[in-house]
Amino acid sequence: MPSYPRHYATGEAMPPTVPGKLRLYSMQFCPFAQRARLVAEAKGLDYEVINCNLKKKPEWLLERNPNGQVPALEHDEKVLYESLIVADYLDDAYPGRKLKSSDSYQRAQDDLIVNQFGSKIVPAYYKTLRSPPEGRDAAVQELIEKLSVLEKIMSKRAKPFLGGKKPGMVDFMIWPWLERLSISAMYDLLAVALPNISRYEKEMRKVPEVAVTVESPAMHHYFLYNLLKRKPVYDYTEEEASKLKISSKL
């Protein structure tokens, strides 16, 4: 499990930047920010993480991203935000293994997967979390239906990753939500209905850059539990998280 610095909030001074040092504004439990961390790890970059409280956003985060969202990237006064843009920039601007395919058609196919994942599967996942008990089963079935398209793609392309023998950009862009699905109460049902995705999830957990960004089930559950109450908690320990009696909704 990763160990990240505390989350800065409104009114707190921004840690001074270091010339030449790549800085990633993040939030420990944000799947969009995790995308950027995965790419930075895969590229072997030297970077620092500055975590931000997204309920009480520091003013300097808003100066870098008017939307007040993470990830945001800063390097010697150059600033970018939006997870897909940040990820592409890191892959293009820095040396090391290229995470996007060199084949134009393959890149386009990968972009389609990421686009469909973000527009259909991600909203369906959050719908399962927010559904009342009487609508839970229907929401889970809807999620399985959305994931079935990815399941078919996995059966043809995951060897063992969508990027081939090594995970590529497409793998890192969808992983954060599959990580969260894999520790949910509905995962046993999903694993039976979606065996290719289940196998893929197990392979991805073996990837070093994935392993250093994953959170424990207890840490994820504690964050989601408080988020769903609209009272997010950003700084807590594994011991504190493990004391929570997990809701069946998670």
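Student: How do you know that the span of helix H6 agrees with its number of residues?

Tutor: Let's start from the expected value in this predicted model. Helix H6 covers residues 169-182, which is 14 residues, and at 1.5 Å a residue these should span 20 Å. The end C-alpha atoms of H6 are 20 Å apart, so the span agrees with the expectation.

Student: Where in H6 is there a kink?

Tutor: The kink lies at Trp175, shortly before the proline Pro176, and amounts to about 45°.

Student: What makes H6 largely enclosed by the rest of the structure?

Tutor: Count its buried residues: 14 of the 14 residues of H6 are buried, so the helix is largely enclosed.

Student: What covers the buried residues of H8?

Tutor: The cover includes H6 again, together with helix H5 (133-157), helix H7 (187-193) and helix H9 (208-211). The buried residues in H8 include Asn196, Ile197 and Tyr200.

Student: Pro195 is found in helix H8 too. Why is Pro195 called partly exposed?

Tutor: Its relative accessible area is 33%. Buried means under 20% and exposed means over 50%, with partly exposed in between. The 33% of Pro195 falls between those limits, so partly exposed is the right term.

Student: How far apart in space are Pro195 and Glu145?

Tutor: From C-alpha to C-alpha they are 14 Å apart, while in sequence they are separated by 50 residues.

Student: Why is Leu190 called buried?

Tutor: Leu190, which is found in helix H7, has a relative accessible area of 4%. That is under 20%, so Leu190 counts as buried. Leaving aside neighbours within four places in sequence, Leu190 is in contact with Leu143, Ile144, Leu147 and Leu181.

Student: Which residues touch the most other members of the largest nonpolar core?

Tutor: Leu190 is one of them, along with Leu90, Tyr125, Leu143, Leu147 and Leu150, in a core of 53 residues. Take Leu90 as an example: beyond its neighbours within four places in sequence, its contacts include Leu22, Ala36, Val39 and Leu73. Another core, of 20 residues, lies apart from the largest one, and among its members are Met27, Ile50, Cys52 and Leu244.

Student: Let's turn to the rings. How many aromatic pairs does a search of the whole structure find?

Tutor: The search finds 10 of them.

Student: Why is the pair of Tyr25 and Trp60 called tilted?

Tutor: Check the distance before the angle. The ring centres are 6.0 Å apart, and rings pair if their centres lie within 6.5 Å. The planes stand at 50°, whereas stacked needs under 30 degrees and edge-to-face needs over 60. An angle of 50° meets neither condition, so the pair is tilted.

Student: What makes this pair a link between distant parts of the chain?

Tutor: Tyr25 sits in strand S2 (residues 22-26) and Trp60 in helix H2 (residues 59-64), and the two are 35 residues apart. Tyr25 is buried, at a relative accessible area of 0%, and Trp60 is buried as well, at 7%.

Student: Why is the pair of Tyr89 and Tyr94 called edge-to-face?

Tutor: The centre-to-centre distance is 6.3 Å and the planes make an angle of 85°. The distance is within 6.5 Å and the angle is over 60, so the pair is edge-to-face. Tyr89 is partly exposed at 26%, whereas Tyr94 counts as buried at 16%.

Student: How do you know that Arg6 lies over the face of Tyr8?

Tutor: Arg6 is at 4.3 Å from the ring centre, and the distance limit is within 6 Å. A direction within 35 degrees of the ring normal is required too, and Arg6 is listed as lying over the face of Tyr8.

Student: Now the loops. What is notable about the phi of Asp76 and of Glu77?

Tutor: Neither is a glycine, yet phi is positive: about 50° for Asp76 and about 75° for Glu77. Glu77 lies in the loop between S4 and S5.

Student: Why is Glu77 called exposed, whereas Asp76 counts as partly exposed?

Tutor: Glu77 has a relative accessible area of 76%, which is over 50%, so Glu77 is exposed. Asp76 has 46%, which lies between 20% and 50%, so Asp76 is partly exposed.

How values were computed. Residues numbered from 1 in each chain as written. Predicted model: local features only at pLDDT ≥ 70, side-chain atom pairs only at ≥ 80, totals over all residues. Heavy atoms only, no water. Helix = DSSP H or I, 4+ residues; strand = E, 2+ residues; numbered from the N terminus. Buried < 20%, exposed > 50% of the residue type's maximum accessible area, 1.4 Å probe, protein only. Core = buried A, V, L, I, M, F, W, Y, C linked by side-chain atoms within 4.5 Å. Contact = heavy atoms within 4.5 Å. Expected span 1.5 Å × (residues − 1). Bend = angle between axes of the 7 residues up to and from the residue.
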